[in-house]
Amino acid sequence: MSSNRWLATGNYFTSYKEEQRIFTTSLDRSVMGVFLCVLFSWPLFFSIGNKYMLVVDNILVAVIAVIGLNLVTGFAGLISIGHAAFVGIGAYTVASFCRVLGDSHPLITHGWPPMIVAAGCMGALFGAVVGLPALRLKHLYLAIATLSFQMIFQWTINFMDFFDQGQTISVGRVFWVTGEVARNEHYLFWYYVILTVIVILGFGVRNLLRTRYGRCLVAVRDNDRAADAMGMHPGLVKVYAFGLAGFCAGVAGALHAYLYRGVGIDSFTLYHSINYLAMAIVGGLGTLQGAFWGPLAIRVLDLQVERLSEWAGSHVTAATNLTTALRPLSFGLVIVLFLMFEPRGIANWWRIFKSYVKLWPFRY
Amino acid sequence: MSYFFQLVVSGIVVGSIYALSALGFVLIYKSSRVLNIAHGQIIAAGAFITYALTVWMGIPIYLSFAMSMVITFFLAMSVERIFLRRLIGEPIISVIMVTIGLMSILDGLIYLTPFGTENFSFPPYLPTTPITVGGVSISWTQLVGVIITFTMIAGFSWFFKKSTIGISMRAVSDDQMASMAIGISVPKVFGLAWAMAGLSAAAAGGIIGNITGLNFDTLHAFGIVVFPVVILGGLDSIQGAVVGGIIMGLIQQFASGYLDGNWGLNGTGEVMPYIILLVILLFKPHGLFGIHEIERV
């Protein structure tokens with residue numbers, strides 16, 4: 001084996017501890033470090049308009065939600081068709097504080113970090129409750145349970161006065177150490193906040209998957225009877241997976257609420273649940289980096305579809321509702337095509353690319 | 001008291017439509033173990049095809065009803081052929097997700113047509129004065145819908161019990177390997193199951209369209225509301241679909257009849273099935289008539 005971790009050409013592990021390292025080579029570690037530096041510093045050198053910053057923020061919020069969905073669907077192998085509802089739970093946790101205390105109460109404007117964590121815990125609680133049928137049932141029924149949770153959530157928001165019948169509930173401007181975050185800095189500020197949350201969550205999940213609490217998810221996905229024989233409780237593990245997914249979704253929801261400075265039911269419908277699922281599939285189920293590729297790809301696709309239908313709308317007069325038609329069509333096609341031809345998602349392309357670069361100029 | 005009976009009657013009407021919608025779902029599940037989440041979109045497509053044939057092409061409604069059933073028969077068969085045939089043997093999770101993708105695709109295709117956003121209604125072809133017996137009234141469209149529903153369900157039950165193809169479909173659902181060994185073509189059975197589901201979906205779509213009018217949101221919501229119905233009845237039982245459908249219809253009508261307007265509640269009929277679904281999943285997951293083959297983990 002190569003003792004120099006800079007020059008390693010393959011995986012020459014001699015112990016389990018080595019295999020479980022986050023970065024197998026020093027090169028990996030430095031690439032990651034440079035990548036993070038770039039992510040944190042590029043807004044200092046380029047200034048882009050609020051419109052595009054919002055798109056970037058949007059992608060990052062979706063990344064957090066998809067990390068959660070990937071935990072439950074990718075690693076634990078349970079389909080969740082109600083992920084947008086869990087995101088909504090997080091957002092409406094913030095919104096209900098706004099309804100009770102008023103939207104610029106210090107707890108909301110100054111205490112936003114604990115608020116985000118509280119929203120995450122709320123999401124985890126609901127996730128675990130919806131996952132309870134997992135104590136008795138297998139994946140197929142769980143998909144139905146999450147779907148019905150999505151329906152119940154939408155009904156609750158749509159028909160309760162407390163949530164303003166699903167209309168937008170506004171959330172106040174937050175304060176940072178330098179004072180109130182101004183309008184023109186709003187998206188930049190939340191870019192940094194969301195990025196920090198992603199880094200924390202990303203490393204958290206990566207580390208979780210090295211411990212037995214994360215590996216039990218994969219064990220239960222691969223063969224729950226074998227997992228049972230090895231002393232895990234598959235039902236509880238599934239409930240726990242739903243709880244973890246709910247936590248990530250709740251955090252994403254709270255960030256969504258703060259980012260848009262408002263919460264409305266329109267962002268948490270069944271359509272969005274399918275959207276998250278599409279992101280997870282396109283990115284690559286069961287891979288952590290898939291949670292980053294998926295939202296990026298789907299949001300870019302979304303923007304292109306919007307531009308395409310705008311362009312087509314200017315040429316064809318009859319095409320009035322082209323965007324509403326092309327969006328679901330493109331998502332559906334992307335889901336189906338990826339499942340049929342590249343079930344391992346974009347993460348697999350990245351893996352192929354990496355091994356190509358590593359072995360170049362040889363084929364294998 | 002007549003209010004109560006009125007609710008019972010409309011509950012049975014709604015319930016039998018649920019039963020017919022659930023029928024197609026159960027057919028697919030029974031033979032190929034696939035949860036078809038796109039079923040509501042197929043129902044909607046059936047209804048829209050019936051409308052297009054009747055109004056735009058001027059074909060008599062009964063004929064176009066039959067024609068749309070034939071069209072969706074082949075439509076669903078080709079869906080199976082194009083998308084699901086290559087996934088035989090893949091994990092069930094990816095098959096379910098393909099049907100989710102399919103739902104999205106069909107959504108998009110329907111939004112491309114005028115049916116996606118506008119409301120239509122069938123031209124009246126039955127007497128419009130409802131039949132009233134002892135203060136309880138039922139409209140002609142509802143009556144005809146219920147009759148068609150029960151005829152179709154009886155037909156399908158007979159088909160599964162007695163006909164050779166029906167028995168081979170049950171055999172495939174029981175054990176694919178064994179049925180292949182005795183000479184049943186499994187892919188053909190899957191295709192046929194989808195085709196028949198499409199046929200029954202078109203029938204359901206036509207009936208719903210006649211009763212509630214053609215609105216895409218209402219129609220594809222039926223594809224989701226079949227979940228509580230089939231879970232209550234048992235996922236793989238046709239009788240279960242009927243009983244579950246009618247119980248769900250009654251529950252829904254009673255909920256919206258007695259709960260709405262009290263204690264600030266509204267639209268409880270929409271949410272009640274899902275609450276009951278979650279409760280059933282916790283306590284009696286194989287439903288009323290399902291086979292007790294759920295593996296506990």
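This section describes helix packing, the nonpolar core and the chain contact in a predicted model.

The contact between the two chains draws 42 residues from chain A and 40 residues from chain B. On the side of chain A that touches chain B, two or more residues come from each of α7 (139-159), α10 (224-229), α11 (234-260), α12 (270-283) and α14 (322-341) of chain A. That side of chain A is made up of 30 nonpolar, 7 polar and 5 charged residues.

Helix α11 of chain A also takes part in the largest nonpolar core, which has 205 residues. With 17 residues, α11(A) gives the most to this core. The members that touch the most others are A:I64, A:A65, A:V94, A:A241, A:C248 and A:L255. Leaving aside residues up to four places away in sequence, A:L255 touches A:V61, A:I64, A:I116, A:I194 and A:V197. Two of these partners, A:I194 and A:V197, are among the buried residues of α8(A). The others buried in α8(A) are A:Y187, A:W190, A:Y191, A:V193, A:I198 and A:L201. Together, the buried residues of α8(A) pack against α2 (26-45), α3 (50-75) and α11 of chain A. Helix α8 of chain A (residues 186-208) has 23 residues and should therefore span 33 Å at 1.5 Å a residue, which agrees with the 32 Å between its end C-alpha atoms.

The loop between α11 and β4 (262-263) of chain A contains A:R261. This residue, which is not a glycine, has a positive phi near 55°. A:R261 counts as partly exposed because 16 C-beta neighbours lie inside 10 Å.

In chain B, helix α8 (residues 186-212) packs against helix α3 (residues 61-84), with axes that come within 7 Å and cross at roughly 140°. The crossing of α3(B) and α8(B) is right-handed. From α3(B) the contact involves B:F65, B:S68, B:M69, B:T72, B:F73, B:L75, B:A76, B:M77, B:V79, B:E80 and B:R81. The residues of α8(B) that meet them are B:F190, B:G191, B:W194, B:A195, B:A197, B:G198, B:L199, B:A201, B:A202, B:A203 and B:G206. By class, this contact of α3(B) with α8(B) comprises 15 nonpolar, 5 polar and 2 charged residues.

Helix α2 of chain B (residues 39-56) packs on α8(B) as well, at an angle of about 65° and with the axes 7 Å apart. This crossing, too, is right-handed. Among the α2(B) residues in contact are B:H39, B:I42, B:I43, B:A47 and B:Y51, while α8(B) contributes residues including B:G198, B:A201, B:A202, B:G205 and B:G209. The contact of α2(B) with α8(B) contains 10 nonpolar and 7 polar residues but no charged residues.

B:A202 of α8(B) thus appears in the contact with α3(B) and in that with α2(B). Its C-alpha atom lies 33 Å from that of B:I182, although B:I182 and B:A202 are 20 residues apart in sequence. B:I182 belongs to the loop between α7 (176-181) and α8 of chain B. With 8 other C-beta atoms within 10 Å, B:I182 is exposed, since the exposed class holds residues with 12 or fewer.

Helix α10 of chain B (residues 238-259) has 22 residues, 16 of which are buried. From its first C-alpha to its last, α10(B) reaches 31 Å, close to the 32 Å expected at 1.5 Å a residue. Just after α10(B), B:G261 adopts a positive phi of about 90°.

How values were computed
Residues are numbered from 1 along each chain as its sequence is written. Chains are lettered from A and ligands numbered from 1 in the order in which they are written. This is a predicted model: local features need pLDDT of at least 70, side-chain atom pairs count only at pLDDT 80 or more; totals for chains, interfaces and linings use all residues. Axes are lines fitted to C-alpha atoms, for helices over the stretch in contact, and angles run from 0 to 180 degrees between N-to-C directions. Helices (H or I, at least four residues) and strands (E, at least two) are DSSP runs, numbered from the N terminus. A crossing is left-handed if the near helix is turned anticlockwise from the far one by less than a right angle, and right-handed if clockwise. Two residues are in contact if their C-beta atoms, placed from the backbone, lie within 7 Å. Ala, Val, Leu, Ile, Met, Phe, Trp, Tyr, Cys and Pro count as nonpolar, Asp, Glu, Lys and Arg as charged, and the others, Gly among them, as polar. The expected span of a helix is 1.5 Å times one less than its number of residues. A residue is buried if 20 or more other C-beta atoms lie within 10 Å of its own, exposed if 12 or fewer, and partly exposed in between; C-beta atoms are placed from the backbone. A nonpolar core is a set of buried Ala, Val, Leu, Ile, Met, Phe, Trp, Tyr and Cys residues joined through C-beta atoms within 7 Å.
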